[in-house]
Amino acid sequence: MSTSPSSIPPIHVIGGGLAGSEAAWQIAQAGVPVVLHEMRRDDTSGPVRTDAHQTDGLAEMVCSNSFRSDDWQFNAVGLLHAEMRKLGSLIMSAADQHQVPAGGALAVDRDGFSAEVTRRIAAHPLITIVREEVAGLPPAEWDNVVVATGPLTSPALADAILELSGEGQLSFFDAIAPIIHVESIDMDIAWRQSRYDKEGPGGDAAAYINCPMDKAQYEAFIDALLEGPKAEFKDWEHVPYFDGCLPIEVMAERGRETLRHGPMKPVGLTNPRDPTVKSYAIVQLRQDNALGTLWNMVGFQTKLKHGVQAEVFRMIPGLANAQFARLGGLHRNTFINSPRLLDRSLRMKVAPRLRFAGQMTGVEGYVESAATGLLAGRFAAAERLGRTLDAPPPTTALGALVDHVTGGHLEGGPEGKASFQPMNINYGLLPPLEAPKVDEHGVKIPLKERGRAKKRLMSLRALADLDGWMAG
Ligand SMILES: Cc1cc2nc3c(=O)[nH]c(=O)nc-3n(C[C@H](O)[C@H](O)[C@H](O)COP(=O)(O)OP(=O)(O)OC[C@H]3O[C@@H](n4cnc5c(N)ncnc54)[C@H](O)[C@@H]3O)c2cc1C
């Protein structure tokens, strides 16, 4: 006997942005009633907005109008689009309906897109929209809640989450150091060693990749840092600079030698290629994910504009051909330390009635936020219906994102500091495959095209594995 939706208690979704709208849609499509709480509104007391949103529309895109590449074969975000379409994503469907010409990218008419999402949510018989701020922890009687309040979560709710999660487990801005695909690092120049060969808890005394600089290289690098154009903060976006996470160009402005005594200090490290030569400065990279495919530049958070970052960082010996999985940045953002706080179905371990989605979980970007909304919605609905639903396999883009935020990212360095920072989807989050040498017809693939061929194989594997998961 099937249960009628009217007898099923509702799931509450807080936040009607990219993630919350998708979560509400997925829950309702599973036959479970939803109450969607969104604080932005236009009523007699005047408009309520965040610092970045300009309308009261659901799923408002606050900046660019692009969902980035739509190429599922060779681009990880394109693959994520394809997976979400397979799962009946509202966000992808509305984006496809309102796309504007953008070459290989999926860009949309933002007003038409937001109006479409708002219309379809409002018209769904199982969704009720309530225009109110949830100003604190949700009432105890809300037993199944998706929190999707985004990078600009209202202070009252953010404070309550901070209190519940514990000191240091909620960040109010991100300080992002660039992340590099390990296979693009030149290990004929760089070498593996921990400072003073100190063993970590895992017994590894060669935990870091080290890139050495002589004096001339260091001076040229400092000049490039000081001269490079920096991204501006908006008034509301100003973030406090803590000494632990100063942007490198701000450190360089404090004195040309500052970096050499900070994140680029050359002590306790010996270049195995010539132990008699002392490096003038050393850039260190630390493993960022459990797969070992991604490495972050330690202490290299920066406000340099994205366009120049790759150019400046490729001046570092060993990184001339570096491929960046993520460039650095510093933004106002609200996100939790998900690897510590969330389980595999995005529930808060200390308060399992609360599930998180969107940018709050430490994913980055419109598509990734909607993707975690899609999964959180499905997990929440399955729980309400008394079913179990495992996360998709880590070989899929959706599964890789969940894996990353719930444990794939490695915590801190030897200092033990939490180092979780927001991340876009990229192939480095998926288990690697050998680059193929021949194509499906047995024809040899030229060396320079093997990287692309590998991405295609990983995408094909992802879609096949997602089909298997859906069938299960
Ligand atoms: C200034 C800025 C520019 C950005 N530019 C880009 C970009 O160009 N491309 C990109 O991919 N990503 C960009 N991002 C990141 C972007 O915010 C996210 O990718 C995406 O919007 C996050 O989706 P979300 O659903 O998690 O949050 P949001 O889309 O922000 O949705 C959260 C919703 O929760 C509501 N809310 C907050 N607190 C409460 C509360 N207590 N009660 C009820 N409702 C509440 C908010 O009003 C909002 O509608 C940008 C972020 C910012 C802040």
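Select Leu341 to begin: in this predicted model its relative accessible area is 8%, so Leu341 falls under the 20% limit and counts as buried. The helix to colour around Leu341 is α9, which covers residues 338–341. With Leu341 still highlighted, add Lys198 and draw a line between the two C-alpha atoms: 143 residues separate them in sequence, and the distance in space is 29 Å.

Next, select residues 329–336, which form strand β17; this strand is mostly covered, with 6 of its 8 residues buried. Bring in residues 170–176 as well, and you will have strand β10, which pairs with β17 in the antiparallel sense over 6 bridges. To look at one position of this pairing, pick Ile176, whose bridge partner in β17 is Gly329. As background for this stop and for the sheet that follows, strands of a sheet pair through backbone hydrogen bonds, in either a parallel or an antiparallel sense.

Now turn to the open sheet of 6 strands, whose order is β8-β2-β1-β9-β19-β18 and whose pairing is mixed. Its edges are formed by β8 (127–130) and β18 (347–348), each of which pairs on one side only. Within the sheet, select residues 145–147 for β9 and residues 351–356 for β19, two strands that pair in the parallel sense over 3 bridges. Showing Val145 together with Leu354 of β19 lets you see two residues that stand opposite one another.

From the sheet, move to the loop between β15 (294–297) and α8 (306–313), and select Thr302 there. Is Thr302 buried or exposed? Its relative accessible area is 0%, and because buried means under 20%, Thr302 is classed as buried. Display the side chain of Thr302 and follow it to two places: a polar contact with the side chain of Glu249 at 2.8 Å, and the backbone nitrogen of Leu304, also reached at 2.8 Å.

The next selection is helix α3, residues 90–97, in which the buried residues are Leu90, Ile91, Met92, Ala94 and Ala95. Include Ser89 in the view, since at the start of α3 a side-chain oxygen of Ser89 comes to within 3.2 Å of the backbone nitrogen of Ile91.

Two cysteines make a useful pair of selections. Cys63 has a relative accessibility of 58% and therefore counts as exposed, whereas Cys211 has a relative accessible area of 0% and is buried. A disulfide is a covalent bond between the sulfur atoms of two cysteines. With sulfur atoms required to lie within 2.5 Å of each other, the count for this model comes to 0 disulfides.

Finish at the ligand, and display the residues around it: there are 32, the closest being Glu38, Arg40, Ser154, Gly365 and Tyr366. By residue class, this shell divides into 13 nonpolar, 15 polar and 4 charged. Which atoms should be labelled beside the oxygen atoms of the ligand? In the side chain of Arg40, an N or O atom is 2.8 Å from an oxygen atom of the ligand, while a polar backbone atom of Leu18 is 3.2 Å from a ligand oxygen. For Gln359, the atom to label is a backbone N or O, which lies 2.8 Å from an oxygen atom of the ligand. Taken alone, the ligand exposes 980 Å², and the protein buries 91% of that area. As a last selection, colour α1 (18–29) and α10 (366–384), the elements that give two or more residues to the shell around the ligand.

Key
Residues numbered from 1 in each chain as written. Predicted model: local features only at pLDDT ≥ 70, side-chain atom pairs only at ≥ 80, totals over all residues. Heavy atoms only, no water. Near = heavy atom within 4 Å. Polar contact = N/O pair within 3.5 Å; in protein donor to acceptor, adjacent residues only side chain to side chain. Areas by Shrake-Rupley, 256 points an atom, 1.4 Å probe, with all protein chains shown as cover. Helix = DSSP H or I, 4+ residues; strand = E, 2+ residues; numbered from the N terminus. Nonpolar A, V, L, I, M, F, W, Y, C, P; charged D, E, K, R; others polar. Buried < 20%, exposed > 50% of the residue type's maximum accessible area, 1.4 Å probe, protein only. Pairing = 2+ DSSP bridges.
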